[in-house]
Amino acid sequence: MSNFIVGLTGGIGSGKTAVSNRFAKLGVGIVDADVIAREVVEPGTDALAMITAHFGQHLIQCDGQLDRAALRQTIFSNAEAKQWLESLLHPLIANETARQLAAVQSSYAMYVSPLLVERSQQGFCQRLVVVDVPEPVQLERTMKRDSNEQAQVERIIASQASREARLAAASDVIDNNAGFAELDKQISQLHQQFLDLARNSKVP
């Protein structure tokens, strides 16, 4: 089990997955809140059955998977629906996150969450890395990736912590607007830093 946990966050479209994939290639155990969020609503889970009963069968795709894009549209236009969904999923995600973090065997673990700052989860992380890009870049990347309209992406960005709030909470910042070579350089430096910190950590 890794006692040293590095939190990784950033706004939508900032490139958290690209960053975490690079840390994974360096041998770091990754626990990703978005991946866990998908796992807890896999076909056959109680959570998926409850979501279907609450919102309707139209949210289930032909392969039995949850249509996450359709669900996202539903909850971002309805505050009560968003609150209901979060009250169902957050405890399930928290329990699975704790289980996966406890199972990591690398020198340090990396916990990836888009809402790490919003939910004040940085308390159990020894470092907090923010992947940072300007908001127009977030918009462009997310619209291209998810084929979402600009207004919907803007609503998602508005629902997350501001860029300023994330940077204020960060212990380390990765600039993901300077190309892959620079990104790799930053990650390599941080990885060595975290290895040293984990080695010298007094965390019980």
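Which residues have side chains joined by a polar contact of 3.1 Å? The pair is Asp-172 and Arg-127, and point 5 returns to it. The notes below concern a predicted model.

1. Overall fold. The protein contains nine helices and five strands. Read from the N terminus, the order of these elements is β-α-β-α-α-α-α-β-β-α-α-α-β-α. The C-alpha trace spans about 50 × 35 × 30 Å along its principal axes. The radius of gyration is 18 Å, which agrees with the value near 17 Å for a compact globule of 204 residues. Of the 204 residues, 43% are buried. Contacts between residues at least 6 apart in sequence were also examined, and 75% of them join residues at least 24 apart.

2. Annotated binding site. An unreviewed UniProt entry places the feature "binding site" at Gly-13, Ser-14, Gly-15, Lys-16, Thr-17 and Ala-18. This assignment comes from the record, and such annotations may be inferred rather than shown by experiment. Two of the listed positions, Ser-14 and Thr-17, are described here.

3. Ser-14. This residue is located in the loop that runs between strand 1 (5–9) and helix 1 (16–25). Ser-14 has a relative accessibility of 1% and therefore counts as buried. Its side chain reaches the backbone oxygen of Gly-11 at 2.7 Å. When neighbours within four places in sequence are set aside, Ser-14 is in contact with Val-131, Val-133, Arg-141 and Asn-176.

4. Thr-17. Within the same annotated feature, Thr-17 is placed in helix 1. Its relative accessible area is 49%, so Thr-17 is classed as partly exposed; the class of exposed residues begins over 50%. Ser-14, by contrast, is buried.

5. Asp-172. Strand 5 (residues 172–175) contains Asp-172. With a relative accessibility of 9%, this residue counts as buried. Its side chain takes part in the polar contact with the side chain of Arg-127 at 3.1 Å, and a further polar contact, of 3.0 Å, links it to the side chain of Ser-171. Leaving out residues up to four places away in sequence, Asp-172 touches Arg-127, Leu-128, Val-129, Val-130, Leu-190, Gln-193 and Phe-194. Arg-127 thus appears both among these neighbours and as a polar partner of Asp-172.

6. Salt bridges in helix 5. The structure holds six salt bridges, among them two pairs for which both residues belong to helix 5 (residues 79–103). In one, Lys-82 is paired with Glu-86, and the closest N and O atoms are 2.8 Å apart. These two residues are four apart in the helix, so about one helical turn separates them. Lys-82 is partly exposed at 25% relative accessible area, and Glu-86 is likewise partly exposed at 27%. In the other pair, Glu-96 bridges to Arg-99, with 2.7 Å between the closest N and O atoms. Here the separation is three residues, again about one helical turn. Glu-96 is buried, at 19% relative accessible area; the cut-off for that class is under 20%.

7. Salt bridge in helix 9. Asp-196 forms a salt bridge with Arg-199, and their closest N and O atoms lie 2.9 Å apart. Both residues belong to helix 9 (residues 180–200), where they are three residues apart, or about one turn of the helix. Asp-196 counts as partly exposed at 31% relative accessibility, whereas Arg-199 counts as exposed at 58%.

8. Cysteines. How many disulfides are counted? The count is zero, since a disulfide requires a pair of cysteine sulfur atoms within 2.5 Å. The surroundings of two cysteines can be contrasted: Cys-62 is exposed, with 90% relative accessible area, while Cys-125 is buried, with 10%.

9. Glu-164. Helix 8 (residues 163–169) includes Glu-164. This residue has a relative accessible area of 58% and is exposed. Its distance to Glu-39 is 31 Å, C-alpha to C-alpha, and the two are 125 residues apart in sequence.

Conventions: Residues numbered from 1 in each chain as written. Predicted model: local features only at pLDDT ≥ 70, side-chain atom pairs only at ≥ 80, totals over all residues. Heavy atoms only, no water. Buried < 20%, exposed > 50% of the residue type's maximum accessible area, 1.4 Å probe, protein only. Salt bridge = Lys/Arg side-chain N within 4 Å of Asp/Glu carboxyl O. Contact = heavy atoms within 4.5 Å. Polar contact = N/O pair within 3.5 Å; in protein donor to acceptor, adjacent residues only side chain to side chain. Rg over C-alpha atoms; globule rule 2.2 N^0.38 Å.
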